[in-house]
Amino acid sequence: MSFVDHSYSRLVILRVLVFSLFVALLGRLFVMQIVNGEEFKNQAADARFRSVVIPATRGVVLDQAGRTLIGNRRAMVVSVSLTDIEALGDRGKTVIKKLAPLIGIPVDELTAKLSVCGEKGAAKPPLCWNGSRFQPIPVAKDLALDVAVRIKERQHEFPGVIASMQTVRVFPEPLDVNLAHVLGYIGPVSDKELAERAGTDDELQSTDLVGRSGLERFYDAQLRGNPGVTTYAIDRTMAIIGKVSETAPTSGSYLVLGIDAAVQKVTEVELKKAINRARNQGFAGTSGAAVVMDVTNGQVVAMASYPTYDPRIWLDGVTAAEYKRLTDDAANSPLVSRAIQGLFAPASTFKVVTTAAAYRAKIPMGSTLYPCPSSIDIGNRKMTNHESRAYGNISVRRAIEVSCNTVFYKLGYDMWLRDGGNDPTKPQDFIEKMALKFGLGKKTGIDLPSEASGRVGGRAFKTSQYEQYKDVWCFRAKEGYPSVAKTDPARAAYLKLLAQENCTDGGKWRGGDAANLSIGQGDTSVTPLQMAVLYSAIANGGKLYQPRVVKAIVSPDGKTVKATKPKLKGKVYISPSLREYLLTSLRGVITDGTGKTPFANWPQGRLEVAAKTGSGENGDKDPTSWFASFAPADNPRYAVVMMVEQGGTGALTSGPGVRKIYEALYGIKGEKLKPKQAVIRNSRPAIKLPKVKSDGSVEAIDETKRIDQVIKNLYGLN
Amino acid sequence: MSNIFSTSRNESWWRRQDWVLTAAALALSFVGTLVIWAATRPRLMSQGVDPEAYLKRHVAVLIIGLLLGIFVARTRYSILRAYAPVLWVFSAISLLLVITPLGKDVNGVRAWFQLPGGFTLQPSEFAKLAIVIGMAIVLAETPHRDGIPGNREVIFSLGVAALPVALIMLQPDLGTVLVIGAVTLAVLSVSGVASRWLLGLGGGVVVAGWAMVQFGLLGEYQLNRLLVFLNPNIDPLDAGYNILQVRLAIGSGGLTGTGLFNGPQTNGRWVPEQQTDFIYSAVGEELGFIGGATIIILLLIVAWRAFKIAGETSDRFGKIAASGVAAWIAFQAFENIGMNLGIMPITGVPLPFISYGGSSIFAIWMAVGLLQNIKIKQSD
């Protein structure tokens with residue numbers, strides 16, 4: 001073979017080789033760009049876009065008349081754009097040095113504030129910035145206008161420093177209402193919440209403030225609005241090279257409450273006065289709560305809890321000292337809302353439930369008389385007539401009026417006997433079932449977080465307790481209490497005896513238990529709100545409404561109004577005759593019974609109040625003062641419940657407070673009804689909502705200014 | 001000057017050139033110019049310097065390159081052959097000098113001389129041309145009557161390649177060594193040497209490569225690049241980072257690309273030194289599959305025409321040299337595009353006609369000139 005032949009064949013091979021290499025390139029290019037192109041495109045986008053969040057203005061909370069309970073205020077905020085100052089030759093050192101004295105913080109602190117949490121060399125939380133490094137970092141709030149002007153005038157000296165007006169939360173406290181437990185507060189989002197909600201529709205940003213308690217928490221999603229997001233393209237040095245997309249933030253919705261600031265003010269003042277009354281009588285008066293509810297729909301009109309706190313302390317981040325003070329034992333947990341979280345024995349206010357149960361059980365009532373001695377023996381227990389005295393033979397109606405315990409013991413005991421006493425066969429448990437029907441033992445479902453459910457201390461509860469503790473009881477029944485015996489042999493012997501009894505009979509529903517339940521003592525516990533719902537149900541003929549604080553949610557432009565519809569949680573069958581019986585009895589409490597003292601000279605003819613007092617036995621502590629009521633009795637509108645823990649009797653401590661609340665609601669002066677003096681227009685919650693205008697301003701309902709003056713005159717406010 | 005330039009049918013040399021080759025090469029240079037512009041403009045703008053600085057320098061280089069190409073195409077054959085040893089010696093000396101402190105380091109490779117005006121000179125680019133011509137001269141001048149080079153010629157021609165290769169390995173520039181290796185094999189095979197030479201050399205390259213890895217003769221930088229080639233995710237922020245960003249850029253181009261100047265990946269400078277070795281990623285992102293495939297096809301046309309010229313010429317030197325140029329352009333293009341597409345390891349070789357860089361442009365257009373020279377002579 002010659003050179004020509006050789007080179008020819010080898011050229012062919014080379015061409016084939018080159019051709020295949022190029023085909024391979026084309027194939028690979030096709031796969032990358034056409035087959036997998038989308039995937040690459042998405043990956044690339046993730047790497048080179050960064051989003052900056054523009055926080056939305058949080059929604060405003062209004063009372064039913066349109067008074068602002070939580071608002072927003074414009075504040076001068078100085079922020080620093082990290083990406084801008086880091087692009088400077090000295091990475092912003094000069095700017096920081098110049099800015100620090102201007103905004104009045106040390107250079108070190110400012111440098112720390114301008115570090116992004118988690119990055120190398122960053123300061124520790126809470127000093128470091130918990131947001132994106134592409135988001136301007138706020139370094140100072142509420143600066144004097146001249147600081148802002150100086151920064152703006154000499155912007156070239158402060159590159160990357162932004163002085164702008166931003167919104168911050170305020171509590172205007174109209175008519176000096178506190179309402180702290182209902183309104184709640186906001187705080188910075190936690191890492192856990194961020195992780196939990198990542199990827200959901202309700203995704204949070206690390207710079208977000210979220211509701212921590214009260215309405216701020218329950219309606220957080222509605223109040224928070226949607227933050228705006230600006231997406232920037234960045235290069236590999238993390239410098240911004242262009243804007244990719246931008247969505248404007250939408251403000252949070254307005255909440256219109258059923259709560260009326262004027263009624264709330266009266267309720268708060270009267271609760272505080274009741275506490276003072278308790279203390280003046282020598283009782284501890286440690287805490288209290290009051291609830292005013294619209295019985296026709298479950299709207300809460302006022303809700304107060306004592307002790308309370310100043311909601312404003314949360315606005316700039318609570319200090320360690322403040323938080324210690326709030327959670328200190330001596331302060332008696334002011335953060336806890338007694339109205340929805342406090343659990344107390346309902347005591348005699350529970351007698352309406354027992355009456356309804358007895359009616360259902362067909363226990364003879366009406367004209368049937370029962371003896372009301374100062375005490376009766378049930379089982380081997382002597383049960384006394386705590387707050388009442390001996391009245392001889394009286395009707396059940398009269399027993400309600402004068403709150404005779406011994407009559408109710410008898411009713412409870414009789415029902416227990418019908419269930420088979422100590423050897424029950426298919427027990428009916430009328431009282432327990434009636435209590436559950438009235439919503440006790442479970443949450444009312446109010447639109448506030450962390451509500452307590454309480455419990456009905458009936459047969460079921462006792463059985464479950466027994467199941468839980470019998471092993472311990474039976475162990476102690478055998479082994480005794482050797483450690484106690486060392487110091488106090490008598491007590492140890494007593495405890496062992498008790499353990500033995502509990503081990504064998506601890507789960508048994510005894511006659512004494514039934515008697516105790518009938519007067520709302522024993523293991524039963526309720527919240528003041530549950531009692532308000534219960535008395536509302538008696539007032540409205542058995543309708544158990546889910547209590548509601550929020551009446552309507554209005555879009556930030558005022559265009560969409562979503563009114564809260566009354567929601568029925570349950571219905572208790574109250575026959576007309578039972579209703580009549582209960583109404584007569586509860587009216588009698590005011591005219592001839594335990595409520596007569598606080599309602600002395602009450603114009604019952606003009607505004608008929610139905611009520612029940614209660615004085616809850618509380619072991620060694622002072623009794624719980626209860627006053628549960630509704631009015632007008634013939635066509636009920638409001639239920640008013642007040643409770644003072646360790647407050648003494650219902651009549652002397654809470655009763656006068658409830659009276660004052662009715663006086664304010666209806667404008668009662670002396671024995672006269674002066675509708676113009678009522679603290680709520682037409683003495684009933686408005687049907688019309690305050691108007692949210694498109695510019696965000698609010699038009700209060702009619703006569704709000706006049707009523708504000710009434711309250712101001714009443715309490716000497718400015 | 002008439003003694004330098006070919007005088008035969010002087011008036012018609014222009015018409016007798018391979019017009020398809022010229023058109024394809026010019027098209028590649030045109031696209032390359034646009035892409036260099038698009039790939040450098042955003043960065044230069046953000047640096048606040050003349051955004052067209054690279055474009056201007058590239059256009060200047062390209063004009064000189066075209067003139068050099070015409071010069072080579074028009075230079076008389078005998079003169080070219082007479083001066084080929086000069087080019088080779090010049091290359092060898094500059095390759096020697098470039099690894100001294102006179103040279104400039106980029107990414108751990110010392111392969112450049114810094115020239116005034118922001119220009120650089122990369123002697124290894126000219127070495128490729130010198131080796132092709134040098135080997136072709138040696139192998140073509142065989143005393144054997146069948147025209148097949150004997151052992152003496154083969155060894156001598158290998159020596160022509162070996163010295164520059166040895167110096168380039170000291171830089172160390174593995175990519176150029178690979179290209180020269182492919183060119184050497186192509187030149188030898190077309191020269192008709194016995195198959196045992198080809199098999200032996202091929203085997204030798206494999207063994208040498210294995211030994212380099214095995215005995216740590218590769219620099220850490222080269223080794224990392226090879227490891228990262230095998231798995232780009234092992235080091236996403238350093239060596240592997242480039243590969244990933246290049247793939248993201250090309251992959252997100254889709255069918256039609258984002259359009260010139262509109263590639264976010266390119267504009268965001270996610271791919272470092274994008275105007276040189278990774279220029280194809282800018283092509284992929286901004287011109288998409290259509291642009292990327294067009295470049296591959298144009299390069300294939302250039303290589304194909306070179307092979308055609310090699311096949312058609314009766315001159316032994318021309319046949320061998322044209323084959324060498326074809327193999328050079330084809331393999332270097334494959335190596336460069338292949339690394340951009342992630343099917344070849346990252347080695348610093350420019351994409352012929354497209355990449356920014358004076359030496360590469362000069363050498364490639366001189367090579368085109370050589371091809372045209374061979375074509376024109378054959379048509380005499």
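## A walk through chains A and B

Start at the place where the two chains meet: 44 residues of chain B and 32 residues of chain A make the contact. Keep in mind that this is a predicted model. On the chain B side, select helices H7 (174–190), H10 (239–251), H11 (264–267), H12 (279–312) and H13 (316–340), the elements that each give two or more residues to the surface touching chain A. H12(B) has the largest share, with 11 residues. Colour that side of chain B by class and you get 21 nonpolar, 18 polar and five charged residues.

**Across the chains: H1(A) and H7(B)**

Next, show helix H1 of chain A (residues 3–35) together with H7(B): the axes are 8 Å apart and the packing angle is about 145 degrees. For sticks, pick A:Ser7, A:Arg10, A:Leu11 and A:Leu14 on H1(A), then B:Ala186, B:Ser189 and B:Val190 on H7(B), since these make the contact. By class, that is four nonpolar, two polar and one charged.

**Zoom out: the two chains**

Switch to cartoon. Chain B has 14 helices and three strands, while chain A comes to 25 helices and 27 strands. Of the 380 residues in chain B, 54% are buried; for the 718 residues in chain A the figure is 45%. In chain A, take the contacts between residues at least 6 apart in sequence: 71% of them join residues at least 24 apart.

**Inside chain B: H3**

Now select H3(B), residues 53–74. At 1.5 Å a residue, its 22 residues should span 32 Å, and the end C-alpha atoms are indeed 32 Å apart, so the two agree. Then highlight its buried residues: B:Tyr54, B:Leu55, B:His58, B:Val61, B:Leu62, B:Gly65, B:Gly69 and B:Ala73. These cover an arc of only 125 degrees around the axis, so they sit on the same side of H3(B). Spin the view to the other side and you find B:Lys56 and B:Ile63 exposed. What covers the buried residues? Bring up H2 (19–47) and H14 (358–378) of chain B, which are included in the cover.

**A helix pair: H5 and H6**

Stay in chain B and select H5 (residues 123–140) and H6 (residues 151–170), whose axes come within 8 Å and cross at roughly 170 degrees. That crossing makes H5(B) roughly antiparallel to H6(B). To see the contact, show B:Ser124, B:Ala127, B:Ile131, B:Gly134, B:Met135, B:Val138 and B:Leu139 from H5(B), facing B:Glu153, B:Phe156, B:Ser157, B:Val160, B:Ala161, B:Pro164 and B:Ile168 from H6(B). The class count is 10 nonpolar, three polar and one charged.

**Backbone oddities**

Most residues other than glycine have a negative phi, and most peptide bonds are trans. Here are some exceptions to click on.

- B:Phe353 is not a glycine, yet its phi is positive, about 75 degrees. Look in the loop between H13 and H14 of chain B. B:Phe353 counts as buried because it has 28 C-beta neighbours inside 10 Å.
- A:Ala347, also not a glycine, has a positive phi of about 55 degrees. Its loop runs between H13 (338–341) and H14 (351–360) of chain A. With 29 C-beta neighbours inside 10 Å, A:Ala347 counts as buried.
- A:Tyr306 and A:Pro307 are joined by a cis peptide bond, omega about 0 degrees. A:Pro307 is in the loop between strand E12 (300–306) and helix H12 (320–327) of chain A.
- A:Ala631 and A:Pro632 have a cis peptide bond as well, omega about -15 degrees. Find A:Pro632 in the loop between strands E22 (621–631) and E23 (638–645) of chain A.

Notes
Residues numbered from 1 in each chain as written. Chains lettered and ligands numbered in written order. Predicted model: local features only at pLDDT ≥ 70, side-chain atom pairs only at ≥ 80, totals over all residues. Helix = DSSP H or I, 4+ residues; strand = E, 2+ residues; numbered from the N terminus. Expected span 1.5 Å × (residues − 1). Buried ≥ 20, exposed ≤ 12 C-beta atoms within 10 Å, placed from the backbone. Arc of directions from axis to C-beta. Contact = placed C-beta atoms within 7 Å. Nonpolar A, V, L, I, M, F, W, Y, C, P; charged D, E, K, R; others polar. Axes fitted to C-alpha atoms, helices over the stretch in contact; angles between N-to-C directions. Parallel < 35°, antiparallel > 145°, perpendicular 65-115°, else oblique.
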